[in-house]
Amino acid sequence: MPVHWRKVKCGKDRCKRCPHGPYPYLRVKKEGRWRWKYLGKGWQPPEGFTRAGEFRERLARYRRIVERLVELREKLGELERGLRL
């Protein structure tokens, strides 16, 4: 389950610092509806945990590398076919 970092309002009328956070939450399905579950003040990500933004950046980089690899393989195939003629 992914951890969502949310900013939340405290509910005080005169609070000038709202929203507060970000705080860690899980999105869980309870009685057929999605709910937010607060993980607690002392929650720490497990070792090796990657935050969502960093994960998306790494995934985009991986996809660019795979696209480039496919292009290079196609180019190599064309060159090999040219050598056989």
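Which residue in S2 is the bridge partner of His4? To find out in this predicted model, select strand S1, residues 3-8, together with strand S2, residues 20-30, which run antiparallel and are joined by five bridges. With both strands displayed, His4 can be followed across to Tyr25, its bridge partner in S2.

Keep Tyr25 on screen and add the side chain of Arg6, which lies over the face of the Tyr25 ring, at 5.4 Å from the ring centre.

Next, extend the selection to strand S3, residues 33-38, which pairs with S2 in the antiparallel sense over six bridges. Across this pairing, Arg27 stands opposite Trp36 in S3. The charged end of Arg27, however, is to be viewed against another ring, since it sits over Trp34, 4.5 Å from the ring centre.

Now turn to the link between these two strands. The hairpin of S2 and S3 has two residues between the strands, and Glu31 is placed in that loop. Selecting Glu31 shows a phi near 55°, a positive value in a residue other than glycine. Glu31 counts as exposed because its relative accessibility is 78%, where the cut-off for that class is over 50%.

The aromatic side chains of the two strands make the next stop. Show Tyr23, Tyr25, Trp36 and Tyr38, which ring pairs link into a cluster. The count of aromatic pairs in the structure comes to four. One of them is formed by Tyr23 and Tyr38, whose rings are arranged edge-to-face, with 6.2 Å from centre to centre and 90° between the planes. Because Tyr23 lies in strand S2 and Tyr38 in strand S3, this pair ties together parts that are 15 residues apart in sequence. How exposed or buried are these two residues? Tyr23 counts as partly exposed at 32% relative accessibility, and Tyr38 is likewise partly exposed, with a relative accessible area of 38%.

From here, go back along the chain to inspect the backbone at two prolines. Select Cys18 and Pro19, which are joined by a cis peptide bond with omega at about -5°; Pro19 lies in the loop between S1 and S2. Then move on to Gly21 and Pro22, where the peptide bond is also cis, with omega near 10°, although Pro22 is found in strand S2.

Leave the strands and select helix H1, residues 52-84, in which Tyr62 is found. Where does the structure hold its one salt bridge? Display the side chains of Arg68 and Glu71, which meet in a salt bridge with an N to O distance of 3.4 Å. The two residues are three apart in helix H1, which means that about one helical turn separates them. Both partners can be coloured by accessibility: Arg68 is partly exposed, with a relative accessible area of 46%, and Glu71 is partly exposed as well, at 42%.

For the last stop, stay with the helix but switch to a surface view and pick out Tyr62, Val66 and Val70. These residues make a nonpolar surface patch of about 270 Å². Tyr62 has a relative accessibility of 53%, and therefore counts as exposed.

Definitions and conventions: Residues are numbered from 1 along each chain as its sequence is written. This is a predicted model: local features need pLDDT of at least 70, side-chain atom pairs count only at pLDDT 80 or more; totals for chains, interfaces and linings use all residues. Side-chain values use heavy atoms; hydrogens and water are left out. Patches are made of residues with over 30% relative accessible area and no salt bridge: like charges are joined within 9 Å, nonpolar side chains (Val, Leu, Ile, Met, Phe, Trp, Tyr) within 5 Å. Accessible areas come from the Shrake-Rupley method with a 1.4 Å probe; for residues, only the protein chains shown count as cover. A salt bridge is a side-chain nitrogen of Lys or Arg within 4 Å of a carboxyl oxygen of Asp or Glu. Helices (H or I, at least four residues) and strands (E, at least two) are DSSP runs, numbered from the N terminus. Buried means under 20% relative accessible area, exposed over 50%, partly exposed in between (1.4 Å probe, protein chains only). Two strands pair if DSSP finds at least two bridges between them. Rings of Phe, Tyr and Trp (its six-membered ring) pair if their centres lie within 6.5 Å; planes under 30 degrees apart count as stacked, over 60 as edge-to-face and the rest as tilted. A charge sits over a ring if NZ of Lys or CZ of Arg is within 6 Å of the ring centre and within 35 degrees of the ring normal.
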